[in-house]
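Open the model in your viewer and set the side chains to sticks. Here is a short tour, one selection at a time.

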Amino acid sequence: MLEKIAEINGSVNGVVWGIFGLALLIGTGIITTLCTKVFQVSHLAHWWKNTIGSLFKKDVIGHTKEKGTISPFQALCTALAATVGTGNIAGVAAAICVGGAGAVFWMWVAAFFGMMTNYSENVLGIYYRRKNEKDEWSGGAMYYLRDGLGSKKGCKWIGKVLAVLFCIFTMLASFGIGSMGQVNKIVANVAAAFDVKALSSIEVMGGVSLYNIILGVVVMILTALITLGGLKRIASVAEKIVPFMVVLFVAGSLVIIGINYDAIIPAFKAIFVNAFKPEAFVGGGLGGVIVAMTNGFKRGVFSNEAGLGSSVMVHSNSSVKEPVKQGMWGIFEVFADTMVVCTMTALVVLTSGGLTTGVFNIETGEIAQGLTDATLVGGAFNAVFSWGNIGQRFVAIAMFLFAFTTVLGWSHYGSKAWEYLFGAKTTFIFRIIHVCTIIFGAVLTSSLAWDISDTFNGLMMVPNLIGVLVLTPLVVKITKNYVSRKIKNKDIEPVLSYKDNQAE
């Protein structure tokens, strides 16, 4: 059965992550970047000041009593909870193992343009959001596909169909990237770092250890305790865990990189050179470049989710009324996720012990004995903090926090998709189903869980990016309006919601 699933998944994956999918993904990022006049660079100081620079303002971090509404900081933390996951640790390691050091460069490229894709998604999310029957905010690609794309001449049914497809793919993705893929890496790392022989030696269910199943059940219970309490409880947990886990992991990574300082410059050189001239194990010529590029893009999207239309579903619950303000948090989200956390992971892998004598040999693609792509980062930490297996245990704990919070975030995404299809009063059914799928992540093979997640990501990406492309002129209009009012201090009417236009 698993072989048949792998076969079907491989066929679909080859289409959504082929030339069409990659062109759509990066092309949308390039178009939104150019149409907004490279907003992520031209207004760098402004969006930085209004995101990370505003963290001590009460209207940013203060909790709101409004039902189903969270603060901008809680929205960011919940979005980062869903994006900063296994893709930042195991995903980066996997990209390097398959695509070489050059894959990191292509992750950066995807992230640079992805900043404006994510920005556009969030702008549209706030603009097209509405209150549901529980009087809570609901927003996401399904709404700007139905009400935005669907409002174009002759596109009414196209918008409705794409909205439904997006919701179906989102629910499937929440079982892949938001459940099975994350739990698979949690179990692999925790089992390796905190082995209990009495349990891991007992095999059940086709060779899966009893220890793995127990770990899966523990994660199921923890997830249920939080997600069944709804968005407010998820956001409350996320705002406490996410800043702590990111700072802790980056600090630990800087220690590893600092100790291996002599390999930093060679590592950066390898990243840039191998992006266009891959090592032999990746493949020669154009084929090797495509392998590095594809893996960089795929893992980049798996990590920061720009283009999936996922994080907009929690950003739309923000107390912010200004679309561009929440859009800027989307830019920072991608920056923090890929440019900071993923870069730290890549440098840890490439510098630990040297480029050819450490945990990963960039020339041959060989991984140090006893390690896999899932435990590679743990091995890199262990090379420095070897006493009592501290390094690997540190990464296992980081992986658990990263992956667990991702499961929480994606529970919300899937429930919003369910809400669109079946109504807000039945979302608890989805949350229960989502919790139950967690156990499959503990028993599936690492590669299959990862490949399924990639496929669902790609399927979700297609309708969302079609909507973003068609509505880019609206994003430009809203952005120009904001810049004129807030930066150039012109006295003009704000463009905040599509309902304002309907009322005119």
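Select Glu419 first: in this predicted model, Glu419 is buried, with a relative accessible area of 8%. Now add Lys416, which also counts as buried, at 5% relative accessibility. The two side chains meet in a salt bridge, 2.9 Å from N to O. Both residues lie in helix α19 (residues 390-422), 3 residues apart, or about one turn of the helix. In an α-helix, residues three or four places apart point the same way, because there are 3.6 residues a turn.

Next, pick Arg146 and Asp147. They form a salt bridge whose closest N and O atoms are 3.2 Å apart, and Arg146 is partly exposed at 28% relative accessible area. Add Arg130 to the selection: salt bridges with shared partners join Arg130, Arg146 and Asp147 into one network.

Then go to Lys131 and Asp135, another salt-bridged pair, with 3.8 Å between the closest N and O atoms. Lys131 is partly exposed at 30%, and Asp135 is partly exposed at 45%. The count of salt bridges comes to 5.

Now colour helix α10 (residues 156-193). Its 38 residues reach 53 Å from first C-alpha to last, close to the expected 56 Å. Centre on Ala173 to find a kink of about 35° in α10. Of the 38 residues, 27 are buried, so α10 is largely enclosed by the rest of the structure.

Finish at the surface with Ile214, Val217, Val218, Ile221, Leu222 and Leu225, a nonpolar patch with about 470 Å² of accessible area together. Val217 sits in helix α12 (residues 210-227) and is partly exposed, at 36%.

Terms used
Residues are numbered from 1 along each chain as its sequence is written. This is a predicted model: local features need pLDDT of at least 70, side-chain atom pairs count only at pLDDT 80 or more; totals for chains, interfaces and linings use all residues. Side-chain values use heavy atoms; hydrogens and water are left out. Patches are made of residues with over 30% relative accessible area and no salt bridge: like charges are joined within 9 Å, nonpolar side chains (Val, Leu, Ile, Met, Phe, Trp, Tyr) within 5 Å. Accessible areas come from the Shrake-Rupley method with a 1.4 Å probe; for residues, only the protein chains shown count as cover. A salt bridge is a side-chain nitrogen of Lys or Arg within 4 Å of a carboxyl oxygen of Asp or Glu. Helices (H or I, at least four residues) and strands (E, at least two) are DSSP runs, numbered from the N terminus. Buried means under 20% relative accessible area, exposed over 50%, partly exposed in between (1.4 Å probe, protein chains only). The expected span of a helix is 1.5 Å times one less than its number of residues. The bend at a residue is the angle between axes fitted to the seven residues ending there and the seven starting there.
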